[in-house]
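User: I keep running into words like "buried" and "edge strand" and I'd like to see where they come from. Can we go through one example together?

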Amino acid sequence: MKIIETQQVSKSYSNGRIQAVKDVTVSFEQGINIIMGKSGSGKSTLLQMLATLLLPSKGTIIYDEMDLYKETDLEYIRRYEFGYIYQSFNLIKEISARDNILLPNYIIKQKDRKLFNEIVNSLEIRNILNQMPETLSGGEQQRVAIARAIINKPKIIFADEPTGNLDENNRKNVMELLVQMCKTYDASLIMVTHDSDLCMYADHVFIMKDGTIEQEK
């Protein structure tokens, strides 16, 4: 089942002299979607446009059969239907791991204690909930970031190089946990990476080069 698609989407900078994404038309299906590409290929720019973090220069993104940027309530979608995981974790340093995870709950003024307990137990992070982010390892920080992304049970999780700052062992563990969480809570994943080893986890693989989708597997 199609979850989101682009129609002739482009992103330009410097008054059009630099095209990061060039007329991309692509559909993403339910499940684990991985966009592969080298640095500078345009994959992160495409992801940010899909995730409502960056406005396209031209073209249309269709979500739930509507033009994402014209016909939808972006604030509602960001809070309830999309989740985000970043390579740099993006945890708030001044609050505990627990509060970082619950931040999306605080924003919508709802809290599902049962779901919270399920997630922290599955990710094996209960013992670090009272710690501050700076005291956590990279793998622990990324697990907290995964918990934060899933806590509102989004339909799509967008992940930008989520294992890029981790060593090989943590990279494998975090990826397996991310896929497990998506399947458990019925979320689809759209992830960008330059690590071809991670494609083994994907239901759908897209290859990006020079701002275009070159190949789909």
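Analyst: Sure, let's take the terms one by one, bearing in mind that this is a predicted model.

User: Start with the sheet that contains β3. What is its strand order?

Analyst: The order is β6-β7-β8-β3-β9-β10, an open sheet of 6 strands with mixed pairing.

User: Why do β6 and β10 count as edges?

Analyst: β6 (82–86) and β10 (212–216) each have a single partner strand, so one side of each has no neighbour in the sheet. As for twist, neighbouring strands here are turned by 20 degrees against each other on average, ignoring direction.

User: How do you know that β3 and β9 are paired?

Analyst: Two strands pair if there are at least two bridges between them. Strand β3 (residues 32–36) and strand β9 (residues 204–209) have 4 bridges, in the parallel sense, so they qualify. Isoleucine 34, for instance, stands opposite valine 205 in β9.

User: Which helices lie on this sheet, and which strands do they touch?

Analyst: Helix α2 (residues 74–81) packs on the sheet and touches β6 and β7 (156–160), with its direction at about 70 degrees to that of β6. Helix α5 (residues 138–150) lies across β6 and β7 too, running at about 170 degrees to β6.

User: What makes α5 "mostly covered"?

Analyst: Count its buried residues: 11 of its 13 residues are buried. Among them are Gln141, Val144, Ile146 and Ile150. The buried residues of α5 pack against β6, α3 (97–108), α4 (113–122), β7 and α6 (168–184).

User: And how does the length of α5 fit what you'd expect for a helix?

Analyst: α5 has 13 residues and reaches 19 Å from its first C-alpha to its last, close to the expected 18 Å. For α6, with 17 residues, the reach is 24 Å, close to the 24 Å expected.

User: What do the buried residues of α6 pack against?

Analyst: Their partners are β3, β6, α4, α5, β7 and β8 (188–193). The buried residues of α6 include Leu177, Leu178 and Met181. After α6 comes aspartate 186, which has a positive phi near 55 degrees.

User: There's another sheet, with β1 in it. Why are β2 and β5 called its edge strands?

Analyst: This open sheet of 4 strands has the order β2-β1-β4-β5, with antiparallel pairing. β2 (18–29) and β5 (66–67) each pair on one side only, and that is what makes an edge strand.

User: What supports the pairing of β1 and β2?

Analyst: Strand β1 (residues 2–13) and β2 pair in the antiparallel sense over 8 bridges, and at least two are needed, so the test is passed. One of the bridge partnerships joins serine 12 to glutamine 19 in β2. Helix α1 (residues 43–50) packs on this sheet, where α1 touches β1, β2 and β4 (58–63), at about 120 degrees to the direction of β1.

User: Now the rings. Why is the pair of tyrosine 63 and phenylalanine 82 called edge-to-face?

Analyst: A search of the whole structure turns up 5 aromatic pairs. In this one, the ring centres are 5.1 Å apart and the planes are at 70 degrees. Centres within 6.5 Å make a pair, and planes over 60 degrees apart count as edge-to-face, so the name fits.

User: What does that pair tie together?

Analyst: Tyrosine 63 is in strand β4 and phenylalanine 82 in strand β6, so the pair ties together parts 19 residues apart in sequence. Ring pairs also link Tyr63, Phe82, Tyr84 and Phe158 into a cluster.

User: How do you know whether tyrosine 63 and phenylalanine 82 are buried or exposed?

Analyst: Buried means under 20% relative accessible area. Tyrosine 63 has 4%, so tyrosine 63 is buried. Phenylalanine 82 has 3%, so phenylalanine 82 is buried as well.

User: Why is aspartate 23 called partly exposed, while aspartate 210 is called exposed?

Analyst: Exposed means over 50%, and partly exposed sits between that and the 20% limit for buried. Aspartate 23, in strand β2, has 36%, so aspartate 23 is partly exposed. Aspartate 210, in the loop between β9 and β10, has 52%, so aspartate 210 counts as exposed.

User: What is the phi of each of those two?

Analyst: Aspartate 23 has a positive phi of about 45 degrees although it is not a glycine. For aspartate 210, also not a glycine, phi is positive at about 55 degrees.

Terms used. Residues are numbered from 1 along each chain as its sequence is written. This is a predicted model: local features need pLDDT of at least 70, side-chain atom pairs count only at pLDDT 80 or more; totals for chains, interfaces and linings use all residues. Side-chain values use heavy atoms; hydrogens and water are left out. Helices (H or I, at least four residues) and strands (E, at least two) are DSSP runs, numbered from the N terminus. Axes are lines fitted to C-alpha atoms, for helices over the stretch in contact, and angles run from 0 to 180 degrees between N-to-C directions. Contact means heavy atoms within 4.5 Å. The expected span of a helix is 1.5 Å times one less than its number of residues. Buried means under 20% relative accessible area, exposed over 50%, partly exposed in between (1.4 Å probe, protein chains only). Rings of Phe, Tyr and Trp (its six-membered ring) pair if their centres lie within 6.5 Å; planes under 30 degrees apart count as stacked, over 60 as edge-to-face and the rest as tilted.
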